[in-house]
Amino acid sequence: MRSVEEQQARVAAAAVAPRPVRVAIAEAQGLMCAEEVVTERPLPGFDQAAIDGYAVRSVDVMGADSGGDSDVTLPVVSTIAAGERTPTRLQPRQAARVQTGAPMPTLADAVLPLRWTDGGESRVRVLRGVRSGAYVRRTGDDVQPGDVAVRAGTIIGPAQVGLLAAVGRERVLVHPRPRLTIISVGGELVDISRTPGNGQVYDVNSYALAAAGRDAGAEVNRVGIVDADPKTLRDVVEGQLSRSELVVIAGAVGGAAAEGVRAVLAELGEMEVARIAMHPGSVQGFGQLGRDGVPVFLLPANPVSALVVFEVMVRPLIRMSLGKRQPMRRVVPARTLSPISSVVGRKGFLRGQLMRDQDTGEYLVQALGGTPGASHLLATLAEANCLVIVPTEAEQIRTGESVEVAFLAQRG
């Protein structure tokens with residue numbers, strides 16, 4: 001029986017990031033930048049007012065004080081709005097009314113806030129002086145030509161999108177989302193648009209795994225239910241290999257039907273079904289199929305087991321394909337609120353609810369799903385916000401003991 005870590009290493013060795021593509025910055029959010037974005041122009045591109053007020057020469061208002069005892073009054077020779085394109089020149093002992101973002105007139109070196117004046121329109125009385133450079137955004141204060149605005153390896157978020165726009169970049173080179181195909185097999189399956197007959201069940205896996213793939217950051221193609229007829233299955237899988245970076249087939253391990261699926265896949269490349277020292281989902285398959293050696297996962301038919309195997313094996317590969325430096329979920333120690341049963345010789349990935357003690361800040365975890373044999377209970381997985389990671393050698397974790405827990409996606 002192979003350990004979880006050995007199987008994860010085998011999967012990780014197959015990670016291939018899609019070639020970087022150039023996309024519009026509006027489509028780049030959440031993706032990793034694949035280039036050093038070097039600015040060609042300064043930001044700001046000109047000296048501009050940082051607030052509404054009066055553009056002045058600081059030396060002309062130096063005599064004013066906060067008590068208003070001195071009488072400094074300047075003529076207001078113009079009003080400069082944001083977006084003004086006609087250059088303005090200020091003479092000594094003059095002021096110009098400016099809006100936030102307006103270009104500063106020549107010779108002016110400061111902006112006098114409105115609250116430090118009487119707000120005059122043709123003449124303005126200065127109540128308090130201002131230092132040179134005050135309330136002025138100087139050319140290149142933010143970014144100078146030749147500076148790197150966004151570095152390769154940076155995840156592009158709202159701030160990076162804004163900075164790219166500010167330096168005039170319409171498109172940026174990024175690592176695209178890997179294309180993930182989800183397929184379900186099983187003669188008992190019907191789509192949720194139909195009513196199950198006797199012995200039939202809804203196709204849960206293709207919907208749940210597609211959602212898990214999107215949550216991990218993949219671009220998902222949910223094929224849905226595919227007939228296990230060898231020719232049909234081969235045609236579908238072969239077609240998807242040419243347009244996917246990863247393929248997940250649920251319901252393809254365990255039972256005689258799964259043997260037929262594996263026989264078909266073996267014609268397309270190397271595929272291994274192994275028993276992994278984990279629960280749930282110990283029986284699983286992995287291989288690289290097609291001309292390009294596309295990673296293909298075979299997952300159990302049980303939806304909970306399939307989702308856990310996806311979380312432990314498939315999700316990290318998606319995150320690596322996105323270029324993430326840390327593909328694994330965040331893991332923290334937590335104290336158990338009830339006993340936890342596990343299977344000796346297998347690493348447990350059990351559903352749990354993670355909480356935090358308001359007084360001590362300590363993490364607390366309540367296991368869900370009862371005994372290891374209750375892995376079919378999908379409702380408890382929907383309530384979980386973490387996976388409790390039980391060591392391979394442990395059969396029982398007592399109340400109050402410390403265990404590691406992996407955060408799942410935040411709800412709400």
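**Exercise 1. Classify glutamate 238 and place its salt bridge.**

Step 1. Glutamate 238 has a relative accessibility of 38%, so it counts as partly exposed. This comes from a predicted model.

Step 2. Find the partner. Glutamate 238 forms a salt bridge with arginine 234, and the closest N and O atoms are 3.5 Å apart.

Step 3. Classify the partner. Arginine 234, at 25% relative accessibility, is partly exposed.

Step 4. Place the pair. Both residues sit in helix α4 (residues 230-241). They are four residues apart, which means a separation of about one helical turn.

**Exercise 2. State which residues are joined into one network by salt bridges that share partners.**

Step 1. Name the members: Arg2, Arg10, Glu270 and Glu272.

Step 2. Take one pair. Glutamate 272 forms a salt bridge with arginine 10, with 3.5 Å between the closest N and O atoms.

Step 3. Locate the two ends. Glutamate 272 lies in strand β18 (residues 269-275), arginine 10 in helix α1 (residues 4-12). The pair links distant parts of the chain, 262 residues apart.

Step 4. Check exposure. Glutamate 272 is partly exposed at 26%. Arginine 10 is partly exposed at 25%.

**Exercise 3. Decide whether glutamate 35 is buried or exposed, and trace its salt bridge.**

Step 1. The cut-off for buried is under 20% relative accessible area. Glutamate 35 has 14%, so it is buried.

Step 2. Glutamate 35 forms a salt bridge with arginine 169, the closest N and O atoms lying 2.8 Å apart.

Step 3. Glutamate 35 is in the loop between β2 (32-33) and β3 (37-38). Arginine 169 is in the loop between α2 (158-166) and β12 (171-175). The two residues are 134 residues apart.

Definitions and conventions. Residues numbered from 1 in each chain as written. Predicted model: local features only at pLDDT ≥ 70, side-chain atom pairs only at ≥ 80, totals over all residues. Heavy atoms only, no water. Salt bridge = Lys/Arg side-chain N within 4 Å of Asp/Glu carboxyl O. Buried < 20%, exposed > 50% of the residue type's maximum accessible area, 1.4 Å probe, protein only.
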